[in-house]
Amino acid sequence: MPATTATTAQDFVPYATAAIDFHRVLNVPAGPLVASRAELDSLHEHLVALHGLLDAHTQRTSPLLPAEGDHLKATRTRLWQAAEHLHAAYHASPRPGSGEVPGAEACRARRPEGAPELSICRRHQDAAQLVRRRTTPADLHSPFTGLVRH
C-alpha cells in the first residue's frame with residue numbers, strides 16, 4: 001500500500017482545513033482584538049460537525065480495530081470538551097450593540113441574554129444528545145479520556 005492514499009471525490013476535509021487556515025490568515029491579524037459572537041458561533045458549528053464526523057469514524061472503526069477506536073473515542077471526547085468551552089465563551093463574550101459582558105453568575109445561568117441571536121444553543125443541545133448516548137459523565141469530566149490500547 002502506498003504511503004499516501006488517493007484523494008477521492010468525496011474527500012472534502014482538506015478543503016475545510018484550507019478554508020479555516022485561509023480565514024485565520026485573512027481575518028485574525030487584521031480583525032478585532034476579541035472574537036465576535038458570530039466567529040465563536042461559526043467555530044462551534046465547525047467543531048460540532050467535526051465531532052459528528054469523528055463519531056461516525058469511531059462507530060465504524062471500534063468494532064474492527066479496538067486500539068484505533070480507543071484513540072478516536074478520546075479524540076471525539078476532546079472535541080466535545082472544546083465545543084463546550086466555545087459555547088461558554090460565546091455566552092461570556094460581549095453582547096452585540098451594547099458591548100456589555102455578562103457577569104460570571106449570568107453565564108452560569110446558561111443563557112444570560114435570553115434566546116441567542118445565533119443557533120449555537122440549539123446546535124449545542126442537539127449535539128449533546130449524541131454525546132450523552134456515546135459517553136459517560138465520568139468520561140467527559142476526566143482529565144484523561146479513557147483507556148487507550150497499544
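Which residues does Ala 83 touch, not counting residues up to four places away in sequence? The exercises below use a predicted model.

**Exercise 1. List the contacts of Ala 83 and place Ala 83 in the core.**

Step 1. Leave out residues up to four places away in sequence; Ala 83 then touches His 44, Leu 47, Val 48 and His 124.
Step 2. Turn to the largest nonpolar core, which has 16 residues. Ala 83 is among those with the most contacts inside it, together with Leu 47 and Trp 80.
Step 3. Assign the core to helices. α2, α3 and α5 each supply at least two residues. α3 gives the most, with six.

**Exercise 2. Describe the packing of α3 against α5.**

Step 1. Take the geometry. Helix α3 (residues 66-92) and helix α5 (residues 120-134) pack at about 155 degrees, with axes 11 Å apart.
Step 2. Classify the angle. Angles over 145 degrees count as roughly antiparallel, so α3 is roughly antiparallel to α5.
Step 3. Add the handedness: the crossing of α3 and α5 is left-handed.
Step 4. Identify the contact. Residues of α3 include Trp 80, Ala 83 and His 87; those of α5 include Ile 120, His 124 and Val 131.
Step 5. Sort by class: nine nonpolar, three polar and three charged residues.

**Exercise 3. Decide whether Leu 40 is buried or exposed, and find its partners.**

Step 1. Locate Leu 40: helix α2 (residues 37-61).
Step 2. Apply the cut-off. Buried means under 20% relative accessible area. Leu 40 has 8%, so Leu 40 is buried.
Step 3. Leave aside neighbours within four places in sequence. Leu 40 contacts Ala 35, Leu 86, Ala 89, Tyr 90, Ser 93 and Ile 120.
Step 4. Check a C-alpha separation. Leu 40 and His 87 are 47 residues apart along the chain, yet their C-alpha atoms are separated by 7.8 Å.

Definitions and conventions
Residues numbered from 1 in each chain as written. Predicted model: local features only at pLDDT ≥ 70, side-chain atom pairs only at ≥ 80, totals over all residues. Heavy atoms only, no water. Axes fitted to C-alpha atoms, helices over the stretch in contact; angles between N-to-C directions. Helix = DSSP H or I, 4+ residues; strand = E, 2+ residues; numbered from the N terminus. Parallel < 35°, antiparallel > 145°, perpendicular 65-115°, else oblique. Left-handed = near helix turned anticlockwise from the far one by under 90°. Contact = heavy atoms within 4.5 Å. Nonpolar A, V, L, I, M, F, W, Y, C, P; charged D, E, K, R; others polar. Buried < 20%, exposed > 50% of the residue type's maximum accessible area, 1.4 Å probe, protein only. Core = buried A, V, L, I, M, F, W, Y, C linked by side-chain atoms within 4.5 Å.
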